[in-house]
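Here is a short tour of one protein chain, written for someone who likes to check contacts and strand pairings on screen. Keep the viewer open and follow along.

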Amino acid sequence: MSAQNIHIDSYERNWMIFSFVLLVLFATAVSVAAFGMGIEVPAPEQRVDPNTVATDPNSPWSNPGLREISAGKYDAYILARAIPNWEYLPREMTVPAGSSVSFYVTSSDVQHGFMIQNTNANFMVLPGQVSKLTVTFDKAGTYNFICTEFCGSGHGVMYGAITVTP
Ligand code: CUA
């Protein structure tokens, strides 16, 4: 039997055309986003050794917390850990309103999350990688942050807060 004799129902052919058009549309959308608009998937800011990140004196996470870089600009080094008792170090930070805070968050054990309420900060925290995001806190108030990845029996108590003073 030659190829010409194969009958393709018009209904089936239309769906084949439709799925091919969809494929081209999606490939175009991804190409435009990646090359035209420069949108990239999150890449690790930095690699670290999760076994020594909390203890190496040269590691900023051996002394986690806020550092004021210049007026109104801060770096916040935060260590997320399940061992020994599910916590962020530090658990609480205070900055004045209008501050821009760059968060550098890593884990010394398992996968955690980091989500700050009422901001666009919401990312995964992986052992061996540093997740970075900058948030500007324009309004005074309390911004709670919580772990968004199930990380064990203490997952529910893994939280902290940023206080923004007027
Ligand atoms: Cu850490 Cu859930």
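Two strands are said to pair if DSSP finds at least two bridges between them. With that in mind, and remembering that this is a predicted model, let us start in the middle of the strand network.

**Strand β3 and its partners**

Strand β2, residues 65–70, pairs with β3 in the antiparallel sense, over five bridges. Within this part of the model, E68 is found opposite Y74 of β3. The β2 and β3 hairpin has two residues between its strands, and G72 there adopts a positive phi near 80 degrees.

On to another hairpin, that of β3 and β4. Strand β4 covers residues 87–89 and runs antiparallel to β3, with three bridges joining them. Here L79 sits opposite L89 of β4. Five residues lie between the strands of this hairpin, where W86 has a positive phi near 45 degrees.

With β6, the sense changes: β3 and β6 pair in parallel over eight bridges. Y77 has Y104 in β6 as its bridge partner. β6 is also joined to β9, by seven bridges in an antiparallel arrangement, and S100 has T136 in β9 as its bridge partner. β9 takes part in yet another pairing, since two bridges join it to the antiparallel strand β1, residues 46–47. In that pairing, Q46 is matched with V130 of β9.

The pairings described above can be set side by side:

| Strands | Sense | Bridges |
|---|---|---|
| β2 and β3 | antiparallel | five |
| β3 and β4 | antiparallel | three |
| β3 and β6 | parallel | eight |
| β6 and β9 | antiparallel | seven |
| β1 and β9 | antiparallel | two |

**What is packed inside**

How much of β3 is buried? Seven of its nine residues are, which leaves the strand mostly covered.

The largest nonpolar core of the model contains 24 residues, and those with the most contacts inside it are I78, Y88, F103, F114, I116, F137 and I162. Several strands each give at least two residues to this core, including β3 (73–81), β6 (99–107), β9 (129–137) and β11 (159–165). The top contributor is β3, with four residues. Another core, of seven residues, lies apart from this one, and its members include W61, Y77, L79 and V130.

F137 is a good residue to select in the viewer. Setting aside neighbours within four places in sequence, its contacts include F103, I116, Y143, I162 and V164, as well as A97 and G98.

F123 belongs to strand β8. It has a relative accessible area of 14%, and buried means under 20%, so F123 counts as buried. Not counting residues up to four places away in sequence, F123 touches V105, G113, F114, S131, L133 and T148. For a distance check, the C-alpha atoms of F123 and M158 are 15 Å apart, with the two residues separated by 35 places along the chain.

H112, in strand β7, is a polar name to look up next. Is H112 buried or exposed? Its relative accessibility is 0%, so H112 counts as buried. Beyond neighbours within four places in sequence, H112 is in contact with A80, R81, A82, S107, M124, V125, C147, E149, C151 and M158.

**A charged pair**

Side chains of opposite charge can pair when their charged atoms come close. The structure holds one salt bridge, and it links the side chains of R81 and E87 at 2.6 Å, N to O. The two partners fall into separate exposure classes because the cut-off for buried is under 20%. R81, at 21% relative accessibility, counts as partly exposed, whereas E87, at 13%, counts as buried.

**A nonpolar patch on the surface**

Finally, turn to the outside of the model. Y11, W15, I17, F18, V21, L22, L25 and F26 make up a nonpolar surface patch, and together they have about 860 Å² of accessible area. One of them, W15, is located in helix α1, residues 10–36. With a relative accessibility of 47%, W15 counts as partly exposed.

How values were computed: Residues are numbered from 1 along each chain as its sequence is written. This is a predicted model: local features need pLDDT of at least 70, side-chain atom pairs count only at pLDDT 80 or more; totals for chains, interfaces and linings use all residues. Side-chain values use heavy atoms; hydrogens and water are left out. A nonpolar core is a set of buried Ala, Val, Leu, Ile, Met, Phe, Trp, Tyr and Cys residues joined through side-chain atoms within 4.5 Å. Buried means under 20% relative accessible area, exposed over 50%, partly exposed in between (1.4 Å probe, protein chains only). Contact means heavy atoms within 4.5 Å. Patches are made of residues with over 30% relative accessible area and no salt bridge: like charges are joined within 9 Å, nonpolar side chains (Val, Leu, Ile, Met, Phe, Trp, Tyr) within 5 Å. Accessible areas come from the Shrake-Rupley method with a 1.4 Å probe; for residues, only the protein chains shown count as cover. A salt bridge is a side-chain nitrogen of Lys or Arg within 4 Å of a carboxyl oxygen of Asp or Glu.
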